[in-house]
Amino acid sequence: MKSRTSVRGSLTLLFSLILCLSATSRSAVAAPTAPSLVSPAEGAVVSEPFTISWTAASDPSGIVAYNWQVSSSSAFGSLLLQSSTNGATQDTVSGLADGTYFWRVQAVSGDFVQGAWSQPRSFTITGAAAGSPGAPSLGPPKGYSTFHPWEVMTFIWSAVPDAASYVLQYSTDPSFSVSSRGEFNNIPDPTFSFAIADPEGNYFARVFAVDANGNFSVPSNVISFSVFYNNPLPPPPTLVAPVSGETLTLPVTLTWNHVANPQPSGYELQIARDSGFTSIEVDDPQLNGPTREILSLTSGKKFWRVRSAQGDSSPTTAALTAWSASGTFTISSAPPTPVSVKLAKDPLFSGETTFVALQLTAAVPSGGATINLNSSNPSVLPVPATVTMPGNTAWMQFQVQAGQVTTPTPVTLTATLNSGSATAQFTLQPPSLKSLTISPSTISGGAQPQGIVMLNGQAPAGGAVVTLTSNSPAVSPPASVVVDAGGFSASFPIPSSAVATNTTATVTANYGGTSAQAQVTLTPQQPPASLTLSPTSTTGLGGNSFATVTVASPSSTDQILQVASSNPAVASVPNGVMIPAGSTTGGFNISTSSVSTQTVVTISVSGGGVTKTANLTVNPTAPTPPPTPGAPTLLSPATDAKVGQPITFDWSDVANATRYEIQIDNSQNFTAPLTLSQMVNVSQATITGLPAQRLFWRVRAFNSADVAGPFSSSRRFTAGAVSTPPAAASLSTVSVSPSSVVGGNKPTGAVTLTSGAPSGGAVVSLSSANPSIAAVPASITVAAGASTATFSVTTSAVAANTSVVITATYGGVSRTTTLTVTPASSTPPPSTDPLPAPSLVSPAADARFSPGASITFDWTDVSGAAGYTIQIDDSDTFSSPIVNQATTSSQFTTNTLPTVRMWWRVRANSSSGTPGSWSSARRFEVKQ
């Protein structure tokens, strides 16, 4: 058993104390009375384990717990033990060394308020009582006692007869106070490994034996060790074989001696073509050692070495030993021949897919090599006629899928290269029953557990009919369940009946002469006492309610009651609700769907012949309010402008605005009464009749729900009494007519100025937010003296209604309008463009997996895809994919990949079979 940890204070008070600490601010609630200590008496001499007891405290809200503490000081400045009871007025103390100690007790009320501590008492321990577990003898740590942060340390102690488990404690305090120690419990064997990340320091460790009743032995002897970044490193590993230039064929097994304190995944192995290790052919880190089988190397002389990582030498640097002395060996230059053919899965059952590993004596030339394959029974295990071994490699895998057989059928696979061959002999098995499971295994009578049958191999054509029987009338599985052809499993509900006492039934599954059994225990089902919903009224889409169910009294086992909804399409509920053992309350969530009118749904819970109901009102979802508009930007008149009347005030359009309010006042604070407040429907207002003086103006927008947005910043201007020359023309509006057209038609756009264009005309810039759907000219010129000009909009066919924003800009002012382009009535022909590439989701780049691990490859859905092709290869060129699999979903799972570095990619396929673009490739690794 191994673990990694950081030293932290380890309070052991139970849930009640934690809640009390969070409630200490409730000073208005009175605290419970302090208990009086009963036993042991003051100054008593005791043997471990012994019982401490005290009188019950009182409080109007009741007492839910007692906290007790043991210290070597009557001031309780350093705690050695602390624990809690769930209301019991006694507890057992063990695990203390001989000596004198002090103890005290505190009550916790039903309001989760801590009372005062009792007066302390002392006691003296003089040894362990008869029948107590003996103390283990703790040896020194494995290897040495000077470790590095994150270096795994192994502690070994003597086994204790009748010990059910062990507890290991470590601390920077030799007294092992509660606040300074770390602890590992429920250790089954007399050894444990862990690492300390921080803090650095000198540590102490001890161990206890624990019997089946939870009684601790007295502490073991205490040992010391240290954890520092600058602690010394052990010597490097020493090489065992090969070391003296032996000529070998692949595969080659390299062996070395462990360092003094071997680390999980701690070794790094390098193989090079030269003694200076400048041309490294293999670099394998994170090895457990002390052996490594090398499957592929080029021919010639090789040099190899090993080092070990022993935690960290700084927060960012590994603590690495020196490299070992280098060893040498030579890979034969003889033409490579097959050494072995191995199936990843043996036995192999009908319909199963497996990888076949092919090992050569040496790597093939850089151009690769073609290896001939043969199956002695190609009708049940077909293989390709040849496979290509990639250049400079000596090991590869290819995938085969077995056919269906009705009796065990022997098969021989043969690989041939350079007049040499290797074979794999195995027996293909017919499908058989693998297992039967029932979940949950304990359930209330009347509820329905779920059964699952699993096969070895795939079900044959027509499916596999698995018969089911029960030895109890209280459990009634269906007579049979069918595993569909090509499937591996099938699930089924198991109806049960109400029982008066705990009843265990055995369900037996039979298929093809093989049987499997599983048991389920039915418990008496209590009737529900109440059903309440909170809230009782909710909105449809995205709404929810929580149902609380109670029973009259707690049960010793979990209770499951049946749940139903009168309208599951509107308010869906689970099939059952669990009342946990020891509790009288359970609950479940109710999920609601969208409704057009108010709908009342009846929720019911049943058990023990009783049904309770409650009504849930589901309301239509209120329409989403329009967004609050933003603040406009003032355009003209400019700050501190002097303008004659009438005055045109202009500001920017605001999204979601349906009207605007312009305010003008002689104070920048805009205090009532205002000089002017006016509502307009456009982002412009022409105003006259203002006093001839300095004024301020600002604007805000309102949406369709008449919600106002923030005011713009204010601007100062001076209104003149005498008319001034007309202001230069600015852009007033841009429009398109008609505002909705079928794609391919050409509506007409128009720009309008506030007054006639100046000499030379006004060039108005035009742009489209989606020129591929609605294209406009780059600009349009309003002739001198004119105030309007028109332009054509060229639209394209669309598959769905598409809104395009068209923007006109002149003199720093921009106006917008929206054109809706609709599809033609006939359905356009399907696109012949290739589907886009999916995006890879998981596993992440350079993810690492253990051999045999189930790996799920996931990617994004591609619109229009009828299926996908995933390729996995040990080369990023995908020249000979290990996996070339078609799938209808955007996910693929396998647990039979080789132990090698690989790449994967995916492409989508249309319904016509046209492949799309490949995704980018992503690297990952399966490694020991």
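**Exercise 1.** Is aspartate 846 buried, partly exposed or exposed?

Solution. The structure is a predicted model. Step one: the relative accessible area of aspartate 846 is 47%. Step two: buried means under 20% and exposed means over 50%, with partly exposed in between. Aspartate 846 is therefore partly exposed, because 47% falls between these cut-offs.

**Exercise 2.** Find the salt bridge between arginine 923 and aspartate 846, and place both residues in the chain.

Solution. Step one: the side chains of arginine 923 and aspartate 846 meet at 2.6 Å, N to O. Step two: arginine 923 lies in strand S76 (residues 922-926), while aspartate 846 sits in the loop between strand S69 (840-842) and strand S70 (847-849). The two are 77 residues apart, so the pair links distant parts of the chain. Step three: arginine 923 has 33% relative accessibility and counts as partly exposed.

**Exercise 3.** Classify the two partners of the salt bridge between lysine 345 and glutamate 352.

Solution. Step one: their side chains meet at 3.0 Å, N to O. Step two: lysine 345, with a relative accessible area of 28%, is partly exposed. Step three: glutamate 352, at 9%, is buried.

**Exercise 4.** Describe the salt bridge of glutamate 268 with arginine 307.

Solution. Step one: the closest N and O atoms are 2.9 Å apart. Step two: glutamate 268 belongs to strand S20 (residues 267-272) and arginine 307 to strand S23 (residues 300-314), 39 residues apart. Step three: both residues are buried.

**Exercise 5.** How many salt bridges does the structure hold, and which residues are linked in a network?

Solution. Step one: there are 15 salt bridges. Step two: the network links Asp284, Arg292, Arg848, Glu925 and Lys927.

Technical notes:
Residues numbered from 1 in each chain as written. Predicted model: local features only at pLDDT ≥ 70, side-chain atom pairs only at ≥ 80, totals over all residues. Heavy atoms only, no water. Salt bridge = Lys/Arg side-chain N within 4 Å of Asp/Glu carboxyl O. Helix = DSSP H or I, 4+ residues; strand = E, 2+ residues; numbered from the N terminus. Buried < 20%, exposed > 50% of the residue type's maximum accessible area, 1.4 Å probe, protein only.
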